[in-house]
Amino acid sequence: MANGTYVVAWKAISDDSHPVSGAFTFTVGTPTTTNPNLVNDLLTSNRPGGSNEVWLGVGRATSFLGLALLLGGALAGTLFVPGAIDRRRTGNLLYAGAMLGVLGTMLMIAAQATIVAHSWWAWRSVWNTTSGRWWFIRLAIFVLAIGVIAVRTRLHGRRWATVLLVYAGVGLAAVVAAGGHSVTGRWLVVGFIATLVHLLAMSIWAGGLFLIGCLLYTSDAADEEDSV
């Protein structure tokens with residue numbers, strides 16, 4: 001390299017999905033003068049737009065709500081409220097959770113694409129990140145859940161189906177945990193387990209409350225009519 005002072009600006013997507021950037025200078029041989037505002041200008045140009053971050057936050061919130069309704073409603077309706085999983089209102093709750101999960105995760109991916117590649121449709125660039133691949137897996141699970149909800153009455157009461165549901169619920173929560181902060185830092189195992197337990201507790205608590213709200217004021221006659 002020729003003698004002089006050089007400015008290097010960089011941008012990357014961290015494992016927990018956040019865009020990070022920085023800049024530094026170095027000199028080869030004799031220093032040369034540089035624009036004192038150059039580093040700040042480069043950092044500003046690499047910083048994602050505020051609206052993109054807002055949409056990413058909206059997508060996250062929607063996806064978490066979908067997780068709570070789907071996972072919490074399914075586990076509570078199967079394990080803690082006998083017969084609730086067969087009712088139409090429970091089915092509607094589970095469908096709402098799955099759809100919110102699909103829409104929220106899609107919005108997350110699209111917003112992240114604008115941050116990474118400045119396009120709502122550059123989903124391949126999101127797939128190339130660690131967190132992005134987990135988001136796509138989450139999206140696929142939410143989509144598959146819609147089909148499972150449709151046949152839930154045929155599976156209700158079968159022990160193997162209940163065991164499979166529990167494992168699938170823990171797996172979904174694990175996929176969500178793997179796509180965020182829990183996979184970064186020094187204490188990966190501790191962080192991942194803590195996040196997994198937190199997601200399961202939040203889902204069962206919130207989803208259970210929604211399930212109770214859907215079924216609490218249903219009369220016995222309405223219960224029979226409400227069954228699928």
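The exercises below work through a predicted model of one protein chain.

**Exercise 1. The overall layout**

Task: State how many helices and strands the protein has, and in what order the elements run.

Solution.
- Step 1. The count comes to 9 helices and 2 strands.
- Step 2. Read from the N terminus, the order is β-β-α-α-α-α-α-α-α-α-α.
- Step 3. The chain has 228 residues, and 36% of them count as buried.
- Step 4. Among contacts with a separation of 6 or more, 71% are between residues 24 or more positions apart.

**Exercise 2. A ring pair between the strands**

Task: Classify the pair formed by the rings of Y6 and F26, and say which elements the pair ties together.

Solution.
- Step 1. The structure holds 3 aromatic pairs.
- Step 2. For Y6 and F26 the ring centres are 5.3 Å apart and the planes lie at 15°, so this pair is stacked. The cut-off used here is planes under 30 degrees apart.
- Step 3. Y6 belongs to strand 1 (residues 4-13) and F26 to strand 2 (residues 19-28), so the pair joins parts 20 residues apart in sequence.
- Step 4. Y6 has a relative accessible area of 24% and is partly exposed; F26, with 28%, is partly exposed as well.

**Exercise 3. A ring cluster**

Task: Decide whether the pair of W127 and F136 is stacked or edge-to-face, and find the cluster that holds W127 and F136.

Solution.
- Step 1. The centres of the W127 and F136 rings are 5.5 Å apart, with 75° between the planes.
- Step 2. An angle over 60 degrees counts as edge-to-face, and the W127 and F136 pair is edge-to-face.
- Step 3. W123, W127 and F136 are linked into a cluster by ring pairs.
- Step 4. The relative accessibility of W127 is 39%, which puts W127 among the partly exposed residues.

**Exercise 4. S203 and its helix**

Task: Place S203 in the secondary structure, decide whether S203 is buried or exposed, and list what S203 touches.

Solution.
- Step 1. S203 is part of helix 8 (residues 188-215).
- Step 2. Helix 8 has 28 residues and spans 40 Å from first to last C-alpha, close to the expected 40 Å.
- Step 3. S203 has 0% relative accessibility and counts as buried. Other buried positions in helix 8 include L196, L199, L200 and A206.
- Step 4. Setting aside residues up to four places away in sequence, S203 touches L67, A68, L71, G72 and G208.

**Exercise 5. The nonpolar cores**

Task: Identify the residues that touch the most other members of the largest nonpolar core, and the elements that give two or more residues to this core.

Solution.
- Step 1. The largest nonpolar core has 30 residues, of which L67 and L70 touch the most other members.
- Step 2. Two or more residues of this core come from each of helix 2 (50-80), helix 3 (88-117), helix 5 (130-150), helix 7 (159-178) and helix 8.
- Step 3. Helix 3 contributes the most to this core, 8 residues.
- Step 4. Beyond residues up to four places away in sequence, L67 touches G72, F142, L172, V176, L199, M202 and S203.
- Step 5. Another core, of 6 residues, lies apart from the largest one; L69, A76, A84 and L215 are among its members.

**Exercise 6. The largest pocket**

Task: Give the volume of the largest pocket, and find which helix gives the most to its lining.

Solution.
- Step 1. The volume of the largest pocket is about 600 Å³.
- Step 2. The lining has 24 residues, and A74, V148, I149, L165 and A168 are the closest to the pocket centre.
- Step 3. Helix 2, helix 5, helix 6 (152-155) and helix 7 each supply at least two lining residues.
- Step 4. Helix 7 gives the most to the lining, with 8 residues.

**Exercise 7. Two threonines**

Task: For T162 and T33, give the location and the class of accessibility.

Solution.
- Step 1. T162 sits in helix 7 and is partly exposed, at 24% relative accessibility.
- Step 2. T162 is in contact with T78 and L79, leaving aside neighbours within four places in sequence.
- Step 3. The C-alpha atoms of T162 and L75 are separated by 8.9 Å, although these residues are 87 residues apart along the chain.
- Step 4. T33 is in the loop between strand 2 and helix 1 (38-46), and at 80% relative accessibility T33 counts as exposed.
- Step 5. T33 and T5, 28 residues apart along the chain, have their C-alpha atoms 7.2 Å apart.

Notes
Residues are numbered from 1 along each chain as its sequence is written. This is a predicted model: local features need pLDDT of at least 70, side-chain atom pairs count only at pLDDT 80 or more; totals for chains, interfaces and linings use all residues. Side-chain values use heavy atoms; hydrogens and water are left out. Rings of Phe, Tyr and Trp (its six-membered ring) pair if their centres lie within 6.5 Å; planes under 30 degrees apart count as stacked, over 60 as edge-to-face and the rest as tilted. Helices (H or I, at least four residues) and strands (E, at least two) are DSSP runs, numbered from the N terminus. Buried means under 20% relative accessible area, exposed over 50%, partly exposed in between (1.4 Å probe, protein chains only). Contact means heavy atoms within 4.5 Å. The expected span of a helix is 1.5 Å times one less than its number of residues. A nonpolar core is a set of buried Ala, Val, Leu, Ile, Met, Phe, Trp, Tyr and Cys residues joined through side-chain atoms within 4.5 Å. On a 1 Å grid over the protein atoms alone, a cavity is a set of points where a 1.4 Å probe fits but cannot get out, and a pocket is an open set with protein on both sides within 12 Å along at least five of seven lines; lining residues have an atom within 4 Å of a point. Grid points are joined across faces, edges and corners, and a volume is the space filled by probe spheres set on the points.
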